[in-house]
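Subject: A structure for you to look at

Hi,

Here is the structure I promised to pass on to you. Have a look around it on your own for a bit, then read on for what turned up.

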Amino acid sequence: FELRHALQGDDLLIINTKGSDNHFAIYNGLTELMRFTGTGRIGIGTTNPQAELHLSSVSTPEIRLTDTTNTVEANFYANDTVGTIGSKSNHPFVFATNNTEAMRIASDGQIRIGTTGITGFKLGIDARDDGIGSLALYSNVAGRPNLEIVNTNTTDYAQSVLWLQCD
């Protein structure tokens with residue numbers, strides 16, 4: 001089955017279910033834009049989707065979700081050197097488990113675990129009410145976990161403010 005519709009000049013919309021893999025595809029002219037495979041996978045920018053939804057592009061493929069009430073934008077994208085997930089708007093990015101907030105990265109870059117109220121720190125962890133310890137450090141280096149808090153606001157950048165070592 002093939003359905004063709006001329007939009008303007010050489011531009012065509014083609015829905016095609018021909019082929020050995022029983023797919024159908026949407027074309028613009030001779031360029032395939034989207035493919036739906038016979039196994040239920042959707043490919044955008046690829047003729048061979050390897051997942052249920054597969055985006056492929058040489059110029060930063062991206063999935064964007066926008067809530068238009070406050071223009072909150074969440075993005076997932078990849079470029080030549082990194083994969084990124086986060087908020088593209090001036091809003092926090094929240095990780096949730098069991099429909100409950102577990103961690104938040106505020107719009108100013110502060111990380112909050114178990115709290116939304118601790119502010120003024122790059123990392124805030126609050127586990128006072130859940131009966132679970134708030135921070136654990138593990139090390140397999142000579143069996144000695146270390147915690148070092150360093151003051152970099154001095155001329156001696158290696159100056160430790162607090163050093164804890166377990167024997």
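Before anything else, one term: two strands count as paired if DSSP finds at least two bridges between them. Strand S12 (residues 111-113) and S13 meet that rule, since three bridges join them, and the two run parallel. If you want one bridge to click on, try arginine 112, whose partner in S13 is glycine 124.

Please keep in mind that this is a predicted model.

**The chain as a whole**

The protein chain has 15 strands and zero helices. How much of it is buried? Of its 167 residues, 15% count as buried. The accessible surface adds up to about 12,500 Å², and carbon and sulfur atoms own 54% of that. Here's a number I'd stop at: take the contacts between residues at least 6 apart in sequence, and 1% of them join residues at least 24 apart.

**The sheet with S12 and S13**

Those two strands belong to an open sheet of four, in the order S10-S11-S12-S13, with mixed pairing. Which strands stand at the edges? They are S10 (93-97) and S13 (123-125); each has a single partner strand, so one side of each is left without a neighbour in the sheet. On average, neighbouring strands here are turned by 20° against each other, if you ignore direction.

You can walk through the rest of this sheet pair by pair:

- S10 pairs with strand S11 (residues 100-105) in the antiparallel sense, over five bridges. Look for alanine 96, which stands opposite glutamate 101 in S11. The two strands make a hairpin with two residues between them, and asparagine 98 in the turn has a positive phi of about 50°.
- S11 and S12 are also antiparallel, joined by three bridges. Here isoleucine 105 stands opposite isoleucine 111 in S12. Their hairpin has five residues between the strands, and glycine 109 takes a positive phi near 95°.

**The sheet with S7, S8 and S9**

Another open sheet has three strands, ordered S7-S8-S9, and its pairing is antiparallel. S7 (62-67) and S9 (83-87) are the edge strands, each pairing on one side only. Neighbouring strands in this sheet are turned by 5° against each other on average, again ignoring direction.

S7 and S8 are held in register by six antiparallel bridges. One pair to find is isoleucine 63 with its bridge partner in S8, phenylalanine 76. That phenylalanine sits in S8 (residues 72-78). Is it buried, partly exposed or exposed? Phenylalanine 76 has 46% relative accessibility, so it counts as partly exposed, because that class covers values from 20% up to 50%.

Both members of that pair turn up again on the surface: Ile63 and Phe76 join Ile44, Leu53, Leu65 and Ile85 in a nonpolar patch, with about 560 Å² of accessible area together.

While you have the strands on screen, remember that in a regular strand the side chains alternate between the two faces of the sheet.

**One more phenylalanine**

Phenylalanine 24 lies in strand S3 (residues 24-28). With a relative accessible area of 30%, phenylalanine 24 is partly exposed too. Try finding threonine 37 from there: the two are 13 residues apart along the chain, and their C-alpha atoms are separated by 6.6 Å.

Have fun with it, and write back with any questions!

Cheers

Conventions. Residues are numbered from 1 along each chain as its sequence is written. This is a predicted model: local features need pLDDT of at least 70, side-chain atom pairs count only at pLDDT 80 or more; totals for chains, interfaces and linings use all residues. Side-chain values use heavy atoms; hydrogens and water are left out. Patches are made of residues with over 30% relative accessible area and no salt bridge: like charges are joined within 9 Å, nonpolar side chains (Val, Leu, Ile, Met, Phe, Trp, Tyr) within 5 Å. Accessible areas come from the Shrake-Rupley method with a 1.4 Å probe; for residues, only the protein chains shown count as cover. A salt bridge is a side-chain nitrogen of Lys or Arg within 4 Å of a carboxyl oxygen of Asp or Glu. Buried means under 20% relative accessible area, exposed over 50%, partly exposed in between (1.4 Å probe, protein chains only). Axes are lines fitted to C-alpha atoms, for helices over the stretch in contact, and angles run from 0 to 180 degrees between N-to-C directions. Contact means heavy atoms within 4.5 Å.
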